Amino acid sequence: AYNGGTTPTMRLKNIPGNPAKANGNPLHLGTPDQRGYTRTDTVSIGAYQWTWPSQITINPQQASIAPGDSLPFSVAVLPVWADDKTWSASASDSTIVGIAANTMVAQSEGNARVMVRTNDGNRRDTCFVMVMTDSVGVNGIVHNGNSNCYSALDVITVAGNGTSFVMQPGSNSEMIAGEKIFYLPGTTVKAGGFMHGYIAPEGPWCQSTKSSFADEGSAEIGQVQESNQDNEFVSVWPNPTTGKITLEIESPQRISPVLIRCYDQMGTLVLKEEFSLHRHEMNLENQLPGIYFLHIQMIEGSRVVKVIKY
């Protein structure tokens with residue numbers, strides 16, 4: 001459209017911050033925009049600067065569900081005036097979590113990440129998903145030097161029905177349940193052993209990998225983390241600490257984005273940080289003295305590390 005004179009004018013999208021206000025002027029007519037389309041003097045798709053998405057967010061950021069259950073999720077793409085706000089979703093392990101439209105479907109126990117990407121592939125966000133059972137029964141023997149973790153979305157039942165659970169001297173166990181923990185007859189903590197249980201409806205949960213062992217004819221069932229083995233590639237120092245701690249991921253493989261959530265003994269989230277380097281520093285100086293749990297999540301797996309602040 002012309003303004004009656006010799007200079008062509010363009011009608012631009014009335015959008016806050018639209019780059020067309022700077023770039024879509026007569027001086028740029030006949031030049032290609034970001035997609036390769038030629039800018040013209042008429043109102044068309046080529047008459048303004050293409051606006052790419054700058055951010056995509058998935059909600060929730062973390063989820064815990066039981067096999068067979070489903071959980072809807074929402075996705076937001078910014079800015080709201082982006083020309084292409086379409087997105088796609090995928091799971092790091094489809095045998096653990098399936099995707100159906102805007103819904104996660106739990107397939108089997110384990111850890112997985114649900115990732116959403118913008119259509120241009122330049123923006124992404126991740127939800128960490130733990131698929132675990134509603135109820136867990138715990139029995140067996142935890143030997144000196146072993147540190148185990150058990151978790152369930154609803155109830156943990158320790159021993160009972162003629163079984164036993166024995167914490168030997170020098171052993172350590174954590175139990176994290178969404179609703180209840182039952183310590184039944186047959187539960188024994190020997191001098192020098194440590195057993196800590198608490199209710200945390202939103203976690204943090206243990207590593208979601210089933211494991212079992214047979215010692216003296218006993219069996220252990222549940223979500224188990226053997227920190228002496230599984231945490232070998234995660235180093236945290238100094239521990240105990242007066243405030244600042246350093247985390248180092250010693251995996252020889254490429255490090256995926258690492259999400260760290262720090263919880264106190266009551267299961268309250270006090271810090272949340274994300275990094276993608278092999279080493280990261282956290283600051284607990286503003287937290288009260290006590291025991292904290294670092295829930296470390298990445299595509300290679302998840303770990304729970306106990307940190308003491310004095």
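Begin by selecting residues 234-237, strand β21: a hairpin of six residues joins β21 to β22. Strands here are DSSP runs of E of at least two residues, numbered from the N terminus. The model is predicted, so local features are restricted to pLDDT of at least 70 and side-chain atom pairs to pLDDT 80 or more, while totals for chains, interfaces and linings use all residues. Residues are numbered from 1 along each chain as its sequence is written, and side-chain values use heavy atoms, with hydrogens and water left out.

**The β21-β22 hairpin**

Strands β21 and β22 pair in the antiparallel sense over four bridges; two strands are taken to pair if DSSP finds at least two bridges between them. Display Val234, which stands opposite Ile249 in β22. Then move to the loop between β21 and β22, where Pro240 lies. The peptide bond from Asn239 to Pro240 is cis, with omega near 10 degrees.

**A salt bridge from β22**

Remain on β22 and select Glu248, which forms a salt bridge with Arg279. The closest N and O atoms of this pair are 3.2 Å apart. A salt bridge is defined as a side-chain nitrogen of Lys or Arg within 4 Å of a carboxyl oxygen of Asp or Glu; by this rule the count comes to one. The pair links distant parts of the chain, with Glu248 in β22 (residues 244-249) and Arg279 in β25 (residues 279-283), 31 residues apart.

**The second cis bond and the largest pocket**

Next, select Asn59 and Pro60, which are joined by a cis peptide bond with omega of about 10 degrees. Pro60 is placed in the loop between β1 (55-59) and β2. Continue into β2 (residues 62-65), which supplies the largest share of the lining of the largest pocket, three residues. Show the full lining: Gln62, Ala63, Ser64, Leu153, Pro201, Glu202, Trp205, Tyr263 and Leu269. The space in this pocket is about 180 Å³.

On a 1 Å grid over the protein atoms alone, a pocket is an open set of points where a 1.4 Å probe fits, with protein on both sides within 12 Å along at least five of seven lines, and lining residues have an atom within 4 Å of a point. By class, the lining has six nonpolar, two polar and one charged residues.

**Thr126 in β9**

Select Thr126 in strand β9 (residues 124-131). Thr126 is buried, at a relative accessible area of 13%; buried means under 20%, exposed over 50% and partly exposed in between, with a 1.4 Å probe and protein chains only. Leaving aside neighbours within four places in sequence, Thr126 is in contact with Ile58, Gln61, Arg113, Val114 and Met115, contact meaning heavy atoms within 4.5 Å.

**Two residues with positive phi**

Most residues other than glycine have a negative phi. Go to Ala101, in the loop between β6 (97-100) and β7 (103-106), where phi is near 55 degrees. Ala101 counts as exposed at 63% relative accessibility. Asn161, in the loop between β13 (155-158) and β14 (165-167), also has a positive phi, of about 55 degrees. Asn161 is exposed, with a relative accessible area of 82%.

**Final stop: Phe165**

Proceed to Phe165 in strand β14, which counts as buried at 0% relative accessibility. Finally, add Tyr183, 18 residues from Phe165 along the chain; the C-alpha atoms of these two residues are separated by 9.4 Å.

Notes. Grid points are joined across faces, edges and corners, and a volume is the space filled by probe spheres set on the points. Ala, Val, Leu, Ile, Met, Phe, Trp, Tyr, Cys and Pro count as nonpolar, Asp, Glu, Lys and Arg as charged, and the others, Gly among them, as polar.
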